[in-house]
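The following exercises concern a predicted model. Each sets a task and then gives a solution in steps.

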Amino acid sequence: MPMKRLNLAVLALAVMAAACASRSDSSEREASAEDSSRRELAQVAAGGIVVDFKDGTTKAEYDAWESEWGVDLEFNSTEGERSGVTIAQGVGDVDAVLARIRQNPAVQFAEPLMMFAVPPGEEALSGLAAPLDEVNKDGYTPNDPEYPRQWNLRMINMPSAWQESRGKGVVVAVLDTGIAYEDYDDFKQVVDLKGAKFKKGYDFVNDDEHANDDHGHGTHVAGTIAQATNNGQGVAGVAFEATLMPVKVLNHFGSGTSADIADAIRFAADNGAKVINMSLGGGGHSKVMADAVEYARKKGVTVVAAAGNAGRARVEYPAAYPGSVAVAAVGPGGTRAPYSSYGKELDIAAPGGDKRQGDAGGILQNTIDPRDVSRSVYAAYQGTSMATPHVAAVAALLYAEGASGPDEVEKALFAGAKRVGGQAWTEEYGHGLLDAQASLAALGGGASRWPSMWWALALLALVLLTMRGRERPGYFNILFRPSFFIPLVLATVGVFFARSWFGGASGVAGDVVDAAYLPIPDWQRIIFGRGKMANPLFYSSLIPLLLSFLAIKYQGLRPAIGGLALGFAGFLSYAAWSKAPALAWMPFTFLALPWLVVNTFICLIIARAMLKRETV
Amino acid sequence: MKLTGRVVYRDIEGGVWVLEGDDGRTYQLAGGDRKIKKDGQRIEIEGDVARDVMTAFMVGPVLNVASYRFI
């Protein structure tokens, strides 16, 4: 008997060790891939310089200064006459020349020319029906001329993510100052939204159906989500095959009321939006808005909002409501931008720009000239408003790839986020820095909940193998006994179809559906709310252990508790293997992992004891 | 209410004018005339803080300026 126990222990430990080893292998691989991409992101091009003159500087003017500087400058592109960006190649002493050029008052900035390379990505998926165009080993590279200046898109791994999804058909509502999406009155559609898809929205400020932008902010935000991309014009957007819904809630000064915004959230949720982007904030807690966010969530909508720009440890509303994803901003270096707010409600960080080093550090999109709503400009903005649409757009990609609702979307967003400083969650970055490609991978083709079930079945085989012939409950017939199998399913995948069948039920019935939808260990979310961290007592062997005491008295419960314990073992081992979630009171991954492994082990012992046939 | 501080232009979210108040808080300016936009100018403002207003700038509460004088 003791010998056998030892065997079991050794076997189980071996499995867990192998699982942990393979997990750390893959994370190491990810880490090295990231490193190489960073290294190759920007390199100085030998002898090249870029000089940005004040807008409106003509070729004749700078030609006159060239002989003094000893360089031959040319406009960088046809945009040059407006943007004033020029480049020169074959410059001898770059530093000395730049120093001379910077003396000229017409020069905004002059610096060595940087070559931007797309980070190396995954190979194109072999399962694609038809090979995507413009795909090479570095991922998808759109032909938009200003794309090389969009460091933010490479930072979140868009070239690889675009190979999988561009958000086709998913409706993203932009609750903002409007979008320059149509020619109407003195409004004009901006040039780089031509070809983007729109759904009818609403203007809650002026109460009409023309949610045009009279400020500039909303069009910029919408551009990050779905700028017309690979159209040989301007810049790219993250989910460029998604559909934008313009909803105007902020006036021409960029302000709006909580009443309008709450209305707009319900409007968007009722009219087919899957994602709501709110690059806005301020005011205090509002019950009306909190309810609206909860309403949208119940309808399967993911609500994404900006953490705020006060640079302090307080997340603004609506981002701070439990139902919304709160987004902080990072600069090109990947560290929190100085203006970005943060705090305990923060969920994730995304590029929002940092212009302390100049416009190149901002987020570049097409928008309107704030002084002339009919004029299209390319402008570099910074703010948590700019970070928010990156997350909203990746949420759209996740919906396009089959995510069923906000729970699944958030799970994939957070699981894919690049951890900062090895922490599962921090006040400044939430779960980490947005990574579109990793989040798509974490979604696992819409079947992210299944692996814990496969783990449970593998562990069942292990348990059965360690039993001696006479103790075995029979190899396979156990699987077909509902009293065993149903608890196993409940503990691993939950009644996953409950929502699509009975979704929308309200009151107690709705709560029951919500509970059954989740695997049992995740029921803690119902009790404690959707916190940032899982409760370690639920993510442990506690529930099967307590129930197993009942089985001492009521022998008939044994198969059911065996199934439950195995289900828990599968759930916990998968949690440990995939990405250990942040456990409350255990903020460090290195503590969460052993906790999950040890509890998996305890669950296995319980399961084995329950399944063992009494030997006479 | 009366507030003193400095008028500052911040290049955030496309640009916004704020009052960096002597009370240590930042207010987003609204109302007043366009001449209030003097970057770095010390100022005394009479106005109201709007409580239920949300903005694209998110730098602090919105201060509706009734009157002001540079100091």
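**Exercise 1.** Identify the residues that touch the most other members of the largest nonpolar core, and state which element gives the most to this core.

*Solution.* Step 1: The largest nonpolar core holds 137 residues. Step 2: Within this core, A:Val172, A:Ile276, A:Val327 and A:Ala396 touch the most other members. Step 3: The element that gives the most to the core is H10(A), with 12 residues. Step 4: A further core of 36 residues lies apart from the largest one, and its members include A:Ile520, A:Ala534, A:Phe571 and A:Trp577. As background, nonpolar side chains tend to be buried together in soluble globular proteins.

**Exercise 2.** With which residues is A:Val172 in contact, leaving aside its neighbours within four places in sequence?

*Solution.* Step 1: Two residues count as being in contact if their C-beta atoms, placed from the backbone, lie within 7 Å. Step 2: Under this criterion the partners of A:Val172 include A:Ile225, A:Ala226, A:Ala239, A:Ala242, A:Leu244 and A:Met245. Step 3: Also among them are A:Ala273, A:Val275 and A:Asn277. Step 4: The list is completed by A:Ala392, A:Ala393 and A:Ala396.

**Exercise 3.** Describe how helices H10 and H11 of chain A meet.

*Solution.* Step 1: H10 spans residues 384–400 and H11 spans residues 406–416 of chain A. Step 2: Their axes come within 10 Å and cross at roughly 115°. Step 3: The crossing of H10(A) and H11(A) is right-handed. Step 4: From H10(A), the residues A:Val391, A:Val394, A:Ala395, A:Leu398 and A:Tyr399 meet A:Val409, A:Ala412 and A:Leu413 of H11(A). Step 5: Sorted by character, the residues of this contact comprise eight nonpolar, no polar and no charged.

**Exercise 4.** Which elements make up chain B, and in what order do its strands close into a barrel?

*Solution.* Step 1: Chain B has zero helices and six strands. Step 2: Five strands close into a barrel in the order E1-E2-E3-E6-E4, with mixed pairing. Step 3: On average, neighbouring strands of this sheet are turned by 55° against each other, direction ignored. Step 4: One pairing in chain B joins E1 (residues 2–10) with E2 (residues 16–21) in the antiparallel sense, over six bridges. Step 5: The bridge partner of B:Gly5 in E2(B) is B:Gly21.

**Exercise 5.** What percentage of the residues in chain B is buried, and what percentage of its contacts between residues at least 6 apart in sequence joins residues at least 24 apart?

*Solution.* Step 1: Of the 71 residues in chain B, 38% are buried. Step 2: Among the contacts specified, 58% join residues at least 24 apart.

Conventions:
Residues numbered from 1 in each chain as written. Chains lettered and ligands numbered in written order. Predicted model: local features only at pLDDT ≥ 70, side-chain atom pairs only at ≥ 80, totals over all residues. Pairing = 2+ DSSP bridges. Helix = DSSP H or I, 4+ residues; strand = E, 2+ residues; numbered from the N terminus. Axes fitted to C-alpha atoms, helices over the stretch in contact; angles between N-to-C directions. Left-handed = near helix turned anticlockwise from the far one by under 90°. Nonpolar A, V, L, I, M, F, W, Y, C, P; charged D, E, K, R; others polar. Core = buried A, V, L, I, M, F, W, Y, C linked by C-beta atoms within 7 Å. Buried ≥ 20, exposed ≤ 12 C-beta atoms within 10 Å, placed from the backbone.
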